[in-house]
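Me: Please give a close account of the salt bridges in this predicted model. I would like each pair placed in its structural setting, followed by the context of the chain as a whole.

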Amino acid sequence: MGIYINDLRGLVVRPTLEHLHEWSQTAENLLLGTAAQESQLGYRMLSNNHGGLGIFNISPQTHLDLWDNYLVTDPELASLTRGLASQQLFLKNPHGELITNLSYSTAMAWMIYKRHNLQLPSYANALDLARYWLNHYRSRNHVAHQTTVNDEHAMNEFAQNFQQLVLRKDKNIAA
């Protein structure tokens with residue numbers, strides 16, 4: 001059983017993006033679509049494929065890379081992000097925060113996208129979001145994961161998950 005989409009949107013994703021001064025409808029939808037694709041909105045919190053963690057299926061390697069090679073270059077953004085983590089648990093088990101702390105994992109998922117200086121449009125449909133996910137998230141977060149699924153299939157799967165889980169529509173998207 002996953003997380004109810006309206007709760008995830010209103011109680012986690014939107015407030016986290018607002019905390020980071022990054023909210024837009026497209027950014028919110030991109031993160032919700034990512035959670036739908038990566039974990040079926042929290043149905044799976046641990047990936048058997050590449051060891052990804054939490055609703056965004058972020059690998060420990062990606063998590064470390066974000067801190068060591070991206071957030072280190074922007075102290076203000078690093079501080080805002082670190083402020084979402086638990087005070088003591090983060091020091092004991094930083095990767096565990098990706099599973100147990102929804103705001104922190106949302107911020108880290110956003111960092112995967114943000115590090116590429118994306119210029120998101122004010123509106124993006126499901127296939128547009130799938131393209132962002134494929135080009136900036138899957139390819140960067142699943143480095144150790146060898147996939148046999150072609151890109152078009154992966155994008156269609158993302159779009160279908162977005163329609164069914166985020167928009168809660170039971171119809172397929174025409175490609």
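Reply: The side chains of R131 and D128 form a salt bridge, with an N to O distance of 3.2 Å. Both residues belong to helix α8, which covers residues 126-141, and they are three residues apart, about one turn of the helix. R131 has a relative accessible area of 39% and is therefore partly exposed. D128, at 24%, is also partly exposed, the cut-off for a buried residue being under 20%.

Helix α8 takes part in another pairing through R138, which forms a salt bridge with D151, their closest N and O atoms lying 2.8 Å apart. This pair links distant parts of the chain, since R138 is in helix α8 and D151 in helix α9 (residues 151-166), 13 residues apart. With a relative accessible area of 13%, R138 is buried, whereas D151 is partly exposed at 43%.

A further salt bridge joins the side chains of R14 and E28, at 2.6 Å from N to O. R14 lies in helix α1 and E28 in helix α2 (residues 25-39), so the pair ties together parts that are 14 residues apart in sequence. The two partners differ in cover: E28 is buried, at 0% relative accessibility, while R14 is partly exposed, at 28%. Side chains of opposite charge can pair when their charged atoms come close.

The pair of R14 and E28 belongs to a network of salt bridges that also includes R9. R9 is located in helix α1, which runs over residues 5-19. Its relative accessibility is 15%, so R9 counts as buried. Beyond its neighbours within four places in sequence, R9 is in contact with R14, P15, Q25, E28, N29, L32 and V166. In total, the structure holds six salt bridges, among them R131 with D128, D151 with R138 and R14 with E28.

As for the chain that carries these pairs, its secondary structure consists of nine helices and zero strands. Of its 175 residues, 48% count as buried. Among contacts with a separation of 6 or more, 63% are between residues 24 or more positions apart. The chain exposes about 9000 Å², of which carbon and sulfur atoms supply 50%.

Helix α7 offers a view of a covered element. This helix comprises residues 102-114, 13 residues in all, and reaches 18 Å from its first C-alpha to its last, close to the 18 Å expected at 1.5 Å a residue. Of its 13 residues, 10 are buried, including Y104, W110 and Y113. At its N-terminal end, N101 acts as a cap, with a side-chain oxygen 3.3 Å from the backbone nitrogen of S103.

Confidence should be considered alongside these details. The mean pLDDT of the protein chain is 88, and 87% of its residues reach 70 or more. Confidence is highest in α7, at 98, and lowest in helix α5 (residues 89-92), at a mean of 87. Over residues 143-148 the pLDDT stays under 50, and the model has three contacts beyond four places in sequence for them. The pLDDT is also below 50 over residues 170-175, a stretch with 12 contacts in the model beyond near neighbours in sequence.

How values were computed. Residues are numbered from 1 along each chain as its sequence is written. This is a predicted model: local features need pLDDT of at least 70, side-chain atom pairs count only at pLDDT 80 or more; totals for chains, interfaces and linings use all residues. Side-chain values use heavy atoms; hydrogens and water are left out. Helices (H or I, at least four residues) and strands (E, at least two) are DSSP runs, numbered from the N terminus. Buried means under 20% relative accessible area, exposed over 50%, partly exposed in between (1.4 Å probe, protein chains only). Contact means heavy atoms within 4.5 Å. The expected span of a helix is 1.5 Å times one less than its number of residues. A polar contact is a pair of N or O atoms within 3.5 Å; within protein, one must be able to donate a hydrogen and the other to accept it, and residues adjacent in sequence count only if both atoms are side-chain atoms. Accessible areas come from the Shrake-Rupley method with a 1.4 Å probe; for residues, only the protein chains shown count as cover. pLDDT is the predictor's confidence in each residue, from 0 to 100. A salt bridge is a side-chain nitrogen of Lys or Arg within 4 Å of a carboxyl oxygen of Asp or Glu.
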